[in-house]
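Reader: I would like to go through this model one feature at a time. Please give the reasoning and end each reply on the item asked for.

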Amino acid sequence: QVQLVESGGGLVQPGGSLRLSCAASGSIFSINAMSWYRQAPGKERELVAVIPSGASAKYADSVKGRFTISRDNAKNTVYLQMNSLKPEDTAVYYCNALIRTTVLRTSNYWGQGTQVTVSS
């Protein structure tokens, strides 16, 4: 079994920063792309940033220049550094990973979500 456990959410004032972490554990052969999504109340889940294995990161236009995604392959962990936060960044943030559990099997996994609230 594979688990993704997120941490780092919370309440922050506009202009502030937060760093989210997501650690994958379990029967992992290798990890392909790792991503962060978010879902605000009444809205659909949207991709925030993705970092493929061995390739450059991609970002949603709304977070470019403010958020940075990175990964530590030795720890099976992905991070999201969020700077210059705005009220519209308020959402539940979800970690996602495409994980190969055997040579022949690759599956998509989600974390449980962590709340980020940007408010004064």
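Reader: What is the N to O distance in the salt bridge between the side chains of aspartate 89 and arginine 66?
Author: The model is a predicted one. A salt bridge here needs a side-chain nitrogen of Lys or Arg within 4 Å of a carboxyl oxygen of Asp or Glu. The side chains of aspartate 89 and arginine 66 meet that rule, with an N to O distance of 2.7 Å.

Reader: Which parts of the chain does this pair link?
Author: Aspartate 89 and arginine 66 are 23 residues apart, and the pair links distant parts of the chain. Aspartate 89 sits in the loop between E8 and E9, and arginine 66 in the loop between E6 and E7.

Reader: Is aspartate 89 buried or exposed?
Author: Buried means under 20% relative accessible area. Aspartate 89 has a relative accessible area of 1%, so this residue is buried. Its partner arginine 66, with 9%, is also counted as buried.

Reader: Which residues are joined into one network by salt bridges that share partners?
Author: Aspartate 89 also forms a salt bridge with arginine 38, where the closest N and O atoms are 2.9 Å apart. That pair spans 51 residues, from the loop between E8 and E9 to strand E4. Through shared partners, the salt bridges connect Arg38, Glu46, Arg66 and Asp89.

Reader: Where does the salt bridge of lysine 64 go, and is that partner buried or exposed?
Author: The side chain of lysine 64 meets that of aspartate 61, at 3.1 Å from N to O. The cut-off for exposed is over 50% relative accessible area. Aspartate 61 is at 63%, and therefore counts as exposed.

Reader: Which strand gives the most to the largest nonpolar core?
Author: The largest nonpolar core has 29 residues, and Trp36, Phe67 and Tyr93 are among those with the most contacts inside it. Several strands each supply at least two residues of this core, including E1 (2-7), E5 (46-51) and E11 (114-118). The one that gives the most, with 5 residues, is E9.

Reader: Which residues does tyrosine 93 touch, not counting residues up to four places away in sequence?
Author: Tyrosine 93 is one of the residues with the most contacts inside the core. Beyond its neighbours up to four places away, tyrosine 93 touches Glu6, Leu20, Trp36, Tyr37, Arg38, Val48, Phe67, Leu80, Met82, Gly113, Thr114 and Val116.

Reader: How many bridges join E4 to E9, and which residue is the bridge partner of tryptophan 36 in E5?
Author: E4 and E9 run antiparallel and are joined by 8 bridges. In this pairing, glutamine 39 stands opposite valine 92 in E9. E4 also runs antiparallel to E5, with 5 bridges. In E5, tryptophan 36 has as its bridge partner alanine 49.

Reader: Which residue in the turn of the hairpin of E4 and E5 has a positive phi?
Author: The hairpin of E4 and E5 has 6 residues between the strands. In its turn, a positive phi of about 75 degrees belongs to glycine 42.

Reader: Is lysine 58 buried or exposed, and what is it in contact with beyond four places in sequence?
Author: Lysine 58 lies in strand E6. Its relative accessible area is 57%, so lysine 58 is exposed. Leaving aside neighbours within four places in sequence, lysine 58 is in contact with Val48, Ala49 and Val50.

Reader: Which residues form a nonpolar patch on the surface?
Author: Phenylalanine 29, in the loop between E3 and E4, is exposed because its relative accessibility is 51%. The patch has about 390 Å² of accessible area together, and its members are Phe29, Val103 and Leu104.

Conventions
Residues numbered from 1 in each chain as written. Predicted model: local features only at pLDDT ≥ 70, side-chain atom pairs only at ≥ 80, totals over all residues. Heavy atoms only, no water. Patch = residues over 30% accessible without salt bridge, like charges linked within 9 Å, V, L, I, M, F, W, Y side chains within 5 Å. Areas by Shrake-Rupley, 256 points an atom, 1.4 Å probe, with all protein chains shown as cover. Helix = DSSP H or I, 4+ residues; strand = E, 2+ residues; numbered from the N terminus. Buried < 20%, exposed > 50% of the residue type's maximum accessible area, 1.4 Å probe, protein only. Core = buried A, V, L, I, M, F, W, Y, C linked by side-chain atoms within 4.5 Å. Contact = heavy atoms within 4.5 Å. Pairing = 2+ DSSP bridges.
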